[in-house]
Amino acid sequence: VQQQLVSTLLLTWHTACIWGRCMCQYLVAVTKFLFQILLLLPVAQYMPNVLVTAELLMSAAEQLHNFSTGSLALMMWSLGGLRLKPNKEWMQLVLKQAQYKLPRFREEDFFGLLLGLHNMHYDPGQQWMDKFVAALATNIHMVSAQKHKVVVTIVRAMGYTCEGRPFAWVMNEAAVAAMCNQRHRPQAGAVHVVSNQPVAQ
């Protein structure tokens, strides 16, 4: 049933794509169809043929500016789930767009994007990972201790290290867990302000 649904979406997407390339007002519809397909592919365990995959990736590259942070992260999670590894040029386009959106990333966005890269066995490079981890440190107040632990585990599995950098503290699971506990502990008669700095050991 799921594979039939994906096949139907692929046909609908292809039709919308033809119109979308001719009429700008249909581009949002094309992006929605594309996103639904990419999200369903690993769930349905449906692997499209090489030509369809190439067209999906080309359309995704064309519509990257319309992707929200969540859509971008879920797309990478989906491709990673299929163990697809697009070419370097395509990945550079996506990583550049992701880097631009990093300040707006939410907890699930950090996790989805990183897990996708890990499952692809793709190395985005030290500089890109520096920016990713720095953004994680900046937005650590939005990340639960449990999800942070998973993200750090994946980051380490990818062979990344940020020792000596100002944001290296975010890789300290114990410090961040203590921050999360402090953040959620009620304090009578006081307004609690969350700091982005690690808790002193």
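Which helix does V133 lie in? V133 sits in helix α7, and we'll come back to its surroundings further down. Keep in mind that this is a predicted model. The protein chain has 9 helices and 0 strands, and much of what follows revolves around helix α6, which covers residues 107-120.

**The chain as a whole**

- Reading from the N terminus, the elements of the protein chain go α-α-α-α-α-α-α-α-α.
- The protein chain has 201 residues, and 43% of them are buried.
- Take the contacts in the protein chain with a separation of 6 or more: 72% of those involve residues 24 or more positions apart.

**Helix α6 against helix α4**

- Helix α4 spans residues 69-81, and its axis and that of α6 are 7 Å apart, at an angle of about 25°.
- An angle under 35 degrees counts as roughly parallel, so α4 and α6 are roughly parallel to each other.
- As for handedness, α4 and α6 make a left-handed crossing.
- On the α4 side, the contact is made by T69, G70, A73, M76, W77, L79 and G80.
- On the α6 side, the residues are D109, G112, L113, L115, G116, L117, N119 and M120.
- Sorted by class, the contact of α4 with α6 comes out at 8 nonpolar, 6 polar and 1 charged residues.

**Helix α6 against helix α8**

- Helix α8 runs over residues 145-157, and the axes of α6 and α8 come within 10 Å, crossing at roughly 25°.
- That crossing angle makes α6 roughly parallel to α8.
- The crossing of α6 past α8 is left-handed.
- From α6, the residues that meet α8 are E107, F111, L114, L115 and H118.
- Their partners in α8 are K147, V150, V151, I154, V155 and A157.
- The contact of α6 with α8 is made up of 8 nonpolar, 1 polar and 2 charged residues.
- L115 turns up in the list for α8 and also in the list for α4.

**L117, a buried spot in α6**

- L117 belongs to helix α6, and its relative accessible area is 0%, so it counts as buried.
- What does L117 touch, once residues up to four places away in sequence are set aside? The answer is M76, M91, L95, Y122, P124, W128 and M158.
- L117 and W77 are 40 residues apart in sequence, yet their C-alpha atoms are 7.7 Å apart in space.
- M76 and W77 are both among the α4 residues that make the contact with α6.

**The aromatic rings**

- The structure holds 3 aromatic pairs.
- One of them is F105 with F110, an edge-to-face pair with 5.4 Å centre to centre and 65° between the planes.
- Is F105 buried or exposed? F105 counts as buried because its relative accessibility is 0%.
- F110 is buried too, at a relative accessible area of 1%.
- F110 also pairs with F132, again edge-to-face, with 5.5 Å centre to centre and 80° between the planes.
- This second pair links distant parts of the chain: F110 is in helix α6 and F132 is in helix α7 (residues 126-138), 22 residues apart.
- Both partners, F110 and F132, are buried.
- Which residues form the aromatic cluster? F105, F110, W128 and F132 form one cluster.
- W128 also appears among the residues that L117 touches.

**V133 in α7**

- Back to V133 in helix α7: its relative accessibility is 1%, so V133 counts as buried.
- Leaving out neighbours within four places in sequence, V133 is in contact with Y160, C162, F167 and V170.
- V133 and T161 are 28 residues apart along the chain, with 9.9 Å between their C-alpha atoms.

**H121 in the loop**

- Where does H121 lie? H121 is in the loop between α6 and α7.
- H121 has a phi near 60°, a positive value in a residue other than glycine.
- H121 counts as exposed because its relative accessibility is 62%, whereas L117 in α6 is buried.

How values were computed:
Residues numbered from 1 in each chain as written. Predicted model: local features only at pLDDT ≥ 70, side-chain atom pairs only at ≥ 80, totals over all residues. Heavy atoms only, no water. Axes fitted to C-alpha atoms, helices over the stretch in contact; angles between N-to-C directions. Helix = DSSP H or I, 4+ residues; strand = E, 2+ residues; numbered from the N terminus. Parallel < 35°, antiparallel > 145°, perpendicular 65-115°, else oblique. Left-handed = near helix turned anticlockwise from the far one by under 90°. Contact = heavy atoms within 4.5 Å. Nonpolar A, V, L, I, M, F, W, Y, C, P; charged D, E, K, R; others polar. Phe/Tyr/Trp six-rings, centres within 6.5 Å; stacked < 30°, edge-to-face > 60°. Buried < 20%, exposed > 50% of the residue type's maximum accessible area, 1.4 Å probe, protein only.
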